[in-house]
Amino acid sequence: MGMEEKVNAIIEEIKAWKADTNEELEAYRLKFISRKSIIGELFASLKDVAPEDRRQVGQLLNTVKDTAQQHFQLLIQGLEQKRDNEGMQHLKDLTLPPVPGQNGSLHPLTLTVSRIIEIFERIGFDLSDGPEIEDDWHNFSALNFPENHPAREMQDTFFIEKDPDIALRTHTSSVQVRVMENRKPPIRTLSPGRVYRNEAISARAHCMFHQIEGLYIDENVSFADLKQTMLYFAQEFFGKKTKIRLRPSFFPFTEPSAELDIYWGLESESDYRITKGTGWLEIGGCGMVDPNVLSANNIDPERYTGFAFGVGVERIAMLKFQIRDIRYFTENDIRFLQQFKTVNF
Ligand code: DAH
């Protein structure tokens with residue numbers, strides 16, 4: 001009999017096994033789990049398998065071993081359940097092997113933010129943060145959004161109070177202002193955080209999401225520095241071959257401003273769908289800090305220049321992990337979350 005049939009036969013047998021008593025459970029353990037079990041013997045015979053087949057056979061054996069373990073836990077749980085049902089909790093068999101605890105995992109957004117922080121820490125960025133409930137000055141005015149200017153409507157805002165305006169921050173750019181208030185250049189900081197927009201929820205948009213803001217202010221900071229930093233980040237995060245593109249855009253707080261795209265590729269049908277046929281995907285905005293912003297925050301624009309960027313964390317995580325719907329992040333579905341147990345950047 002070939003190894004595959006052998007393994008399949010064992011799996012059949014495992015699945016059919018029932019244990020109503022401790023004896024039946026022990027018989028199962030001896031047959032499938034212990035070192036001298038049939039599975040243990042198969043592992044021992046692995047050394048006799050031809051080297052070129054060993055990998056494949058090894059995989060087969062691992063499958064059957066995992067199946068045996070899983071079924072063992074089911075049998076144990078079944079027995080315990082049975083006892084509980086019989087109202088004999090106080091007689092629980094303390095000699096039964098324990099049911100192993102389930103390990104949790106980091107949320108994919110946490111994984112993504114941690115990885116991005118790691119990448120920027122290596123080039124000298126520190127961390128900063130600010131409140132999620134912001135005033136008009138930090139979210140808009142100090143960032144060169146003129147009062148009553150349509151630019152404010154680029155970001156649909158959840159207001160908490162009117163006159164003076166208090167709102168949920170619409171972007172982490174507000175943290176730029178908080179940092180400039182408290183520190184003198186050189187400044188090199190990264191500000192991850194949650195932001196809010198009064199938007200309809202769909203597969204691609206949410207009213208609550210995360211951004212990571214970057215701010216670099218020093219003498220002689222140039223657009224070339226910005227571009228190189230974005231390229232470094234994209235290649236560290238998405239892979240060495242990643243290409244980036246800076247597309248001219250407008251933000252009140254940067255001049256010039258650009259949209260940051262990464263080249264995703266156009267090899268598969270899903271690449272076409274995700275990138276709307278262009279191959280490129282936007283992950284954030286960036287630009288040179290507008291001199292008005294520096295002045296508003298008491299930094300001399302004659303002496304200092306700087307760049308800033310803001311990227312969408314959900315967007316980046318969706319690309320990295322091929323997640324189709326932004327709503328998964330906040331649904332707390334254990335089946336979704338468990339898939340990130342083994343992620344290791
Ligand atoms: N705050 C912008 C947004 O949420 C993104 C952004 C664009 C941040 C340009 C920046 C920047 O720091 O320079 O749409």
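A polar contact here is a pair of N or O atoms within 3.5 Å. Keep that cut-off at hand for the exercises below, which use a predicted model.

**Exercise 1. Find which residues come nearest to the ligand, and list polar contacts that the ligand's oxygen atoms make.**

Step 1. Start with the surroundings: 16 residues lie around the ligand, and His171, Ser173, Arg197, Gln211 and Glu213 come nearest.

Step 2. Now look at side chains. An N or O atom in the side chain of Gln176 is 3.2 Å from a ligand oxygen, and a pair within 3.5 Å counts as a polar contact.

Step 3. Turn to the backbone. A polar backbone atom of Ala308 is 3.1 Å from an oxygen atom of the ligand, while a backbone N or O atom of Phe309 lies 3.2 Å from a ligand oxygen.

Step 4. Finish with cover: on its own the ligand has 350 Å² of accessible area, and the protein covers 92% of it.

**Exercise 2. Work out how helices α5 and α11 are oriented to each other, and which residues make their contact.**

Step 1. The axes of α5 (residues 108–121) and α11 (residues 313–321) come within 9 Å and cross at roughly 100°.

Step 2. Angles of 65 to 115 degrees count as roughly perpendicular, and α5 and α11 are therefore roughly perpendicular to each other.

Step 3. Pro108, Leu109, Thr112, Val113 and Ile116 contribute from α5, and Val313, Glu314, Ile316, Ala317 and Phe321 from α11. By class, this contact has eight nonpolar residues, one polar and one charged.

**Exercise 3. Place Asp165 and describe what its side chain reaches.**

Step 1. Asp165 sits in the loop between β3 (159–161) and β4 (166–168).

Step 2. Its side chain reaches the backbone nitrogen of Asp163 at 3.0 Å.

Step 3. Beyond neighbours within four places in sequence, Asp165 contacts Glu134, Asp135, Asp136 and Phe159.

Key:
Residues numbered from 1 in each chain as written. Predicted model: local features only at pLDDT ≥ 70, side-chain atom pairs only at ≥ 80, totals over all residues. Heavy atoms only, no water. Axes fitted to C-alpha atoms, helices over the stretch in contact; angles between N-to-C directions. Helix = DSSP H or I, 4+ residues; strand = E, 2+ residues; numbered from the N terminus. Parallel < 35°, antiparallel > 145°, perpendicular 65-115°, else oblique. Contact = heavy atoms within 4.5 Å. Nonpolar A, V, L, I, M, F, W, Y, C, P; charged D, E, K, R; others polar. Near = heavy atom within 4 Å. Polar contact = N/O pair within 3.5 Å; in protein donor to acceptor, adjacent residues only side chain to side chain. Areas by Shrake-Rupley, 256 points an atom, 1.4 Å probe, with all protein chains shown as cover.
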